Amino acid sequence: MNLEFFTWRKGIILSATFLFSVFVMTSCKKKENILGQNTLAQDELLNSSGIDTFTLHTYTIQDDSISTGQPLYGLLGSYNDPVFGTVNGEIYTQLNLSLLAPSFADLDSVIIDSFVLSLRYNEYYGIPGNQTFEVFEITDTDGIDQDSTYYTFSTKTTDPVSWIPAGEEVIKMDPDAITVVGSDTVPTQLRIPLDTNKARTIFEDFNSTPASFATNEDFVEYFKGLHIRTVNGAQAPGDGGVFYFDLGSASSEAVVYYTENGVQKEFQFLINSSTANFNHIDVDNSMTNVETVINTPSAGNLEFYAQAFSSRAVVSIPGIANIPANAVIHKAILELPIQYQTGANYYPGSALTVSRRESTGSDSLIFTGAFAVYDDFTKQFDVDIRNHVQQIVNGEITDTDLVLSPLSFITSVDRVIFNGAQTGNKVQPKISILYTEF
């Protein structure tokens, strides 16, 4: 796989420790060793010897410079996570023309029936329910550009007046609902009503300034795009959700429904692979234990965290450097139990990416090629870190930190609560290592 680099804001690294069993083998004569006999088969204990304890440090680091341009999904909505605080997703997107150089021979015969922004649902995090929407026209002279880099904190200047008619701002967000347009059942979508006067103005400009509609490049100079957001005020813990929308779907578009000379018609403004867009994501961990652990890493001794767009979990295993330099690692499994009940709203995702620091103290991360895979039966993530351990033993790398991030770190709002070194819960993190020394 390609190497992936990430950066984060540095924090002071303190340590939390715990003990775990280590299983080792050497080529010298057989020694009796009871370490790990409940975990490894007896034949794996032949010729075993070595150390039996390591110290692990577990903590959380913050990452506040995440790229959000051209996302896999548009993220929209807000919720109040009882553990992590508030999360809010907003979408900035261009629109393209479905027909170049449109015009009307008799605009006076055109009646605008409705104007609707539709977004195709994909997934969600939290709970369905009512949220209050606003849609603004982007007026920033630079507009949006696919070649530009956008981050979680990026914004664009907009006109201050929302395009949603007064009294129609509250809409239920529900990916499981059935969507009917006219007499047709269509893929489930969020449908946001827009001001028909805005559609009328655009139709008038079709005729008065045709050059603005000759190409899509001309159109995005004329119309920079839309900013879509929710404004829900204070939400109770556990309330709300962030919803994922497929911006590449044919169902994601702004549609003007109109009648011309008694004939019902429609005109689509498209959101597709040719349109530039980005997500604006606000994550506020203020006054939460997550903030405490980020600011005081030793607090990760009880539990530590990872959250998409915001923070990454770190496990440091300095004792690996004490494994003999002539060792060949056969097995190295890291088990990370988490706090999650099956069916709960804030699920952990299916996997975590596992990275290492480019060098000791570096802010850059390099993907190790390993994934921590979630097991819902054991309620833990398991990761094979054999190659990582072997590289340390070989002297190829010196830093023993493993940095774990939700697999969909820039396309979801997944988060994970890990049991720490001195967790009051039943199961603690542990590592099992098996090697042969030549």
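**Notebook: burial, strand pairing and salt bridges**

I began with one pair of charged residues and noted that R312 and D63 are both buried. The model I consulted is a predicted one. I then looked up what joins the two side chains: R312 and D63 form a salt bridge, with 2.8 Å between the closest N and O atoms. I recorded where each partner sits: R312 belongs to strand 18 (residues 311–316), whereas D63 lies in the loop between strand 2 (57–62) and strand 3. The pair thus links distant parts of the chain, 249 residues apart.

**Other salt bridges**

I searched the whole structure and found nine salt bridges. I examined E221 and K224, whose side chains meet in one of them at 3.4 Å, N to O. Is E221 buried or exposed? I entered E221 as exposed because its relative accessibility is 57%, over the 50% cut-off. K224 has a relative accessible area of 11%, which is under 20%, so I entered K224 as buried.

I next checked E260, which forms a salt bridge with K265; the closest N and O atoms are 3.0 Å apart. E260 counts as buried because its relative accessible area is 13%. K265 counts as partly exposed because its relative accessibility is 36%. I also noted a network of salt bridges that links R357, D399 and D401.

**The chain as a whole**

I counted four helices and 25 strands in the chain. The chain has 438 residues, and 52% of them count as buried. I looked up the contacts between residues at least 6 apart in sequence and found that 81% of them join residues at least 24 apart. For the accessible surface of the chain I entered about 19200 Å², with 49% belonging to carbon and sulfur atoms.

**Strand 4 and its partners**

I turned to strand 4 (residues 85–93), which is mostly covered, with eight of its nine residues buried. Which strands pair with strand 4? I found strand 3 (residues 74–81), antiparallel to strand 4 over five bridges. A hairpin of three residues joins strand 3 to strand 4, and N88 in strand 4 is the bridge partner of S78.

I found strand 16 (residues 277–284) also paired with strand 4 in the antiparallel sense, over eight bridges. Here V87 stands opposite V283 of strand 16. Strand 12 (residues 226–230) likewise runs antiparallel to strand 4, joined to it by three bridges. In this pairing T93 stands opposite L226 of strand 12.

**Nonpolar cores**

I looked up the largest nonpolar core and found 39 residues in it, with L190, I192, F203 and F269 making the most contacts inside it. Strand 6 (residues 110–126) gives the most to this core, namely six residues. I listed the neighbours of L190 beyond four places in sequence; among them are L76, L117, F133, I171 and F245. Another core lies apart from the largest one and has 34 residues, including A327, I329, A372 and F381.

**A nonpolar patch on the surface**

I closed with the surface, where F371, V373 and L407 make a nonpolar patch of about 240 Å². Where does L407 lie? I placed L407 in the loop between strand 23 (401–406) and strand 24 (415–419). I entered L407 as partly exposed because its relative accessible area is 43%, between the cut-offs of 20% and 50%.

Definitions and conventions: Residues are numbered from 1 along each chain as its sequence is written. This is a predicted model: local features need pLDDT of at least 70, side-chain atom pairs count only at pLDDT 80 or more; totals for chains, interfaces and linings use all residues. Side-chain values use heavy atoms; hydrogens and water are left out. Patches are made of residues with over 30% relative accessible area and no salt bridge: like charges are joined within 9 Å, nonpolar side chains (Val, Leu, Ile, Met, Phe, Trp, Tyr) within 5 Å. Accessible areas come from the Shrake-Rupley method with a 1.4 Å probe; for residues, only the protein chains shown count as cover. A salt bridge is a side-chain nitrogen of Lys or Arg within 4 Å of a carboxyl oxygen of Asp or Glu. Helices (H or I, at least four residues) and strands (E, at least two) are DSSP runs, numbered from the N terminus. Buried means under 20% relative accessible area, exposed over 50%, partly exposed in between (1.4 Å probe, protein chains only). A nonpolar core is a set of buried Ala, Val, Leu, Ile, Met, Phe, Trp, Tyr and Cys residues joined through side-chain atoms within 4.5 Å. Contact means heavy atoms within 4.5 Å. Two strands pair if DSSP finds at least two bridges between them.
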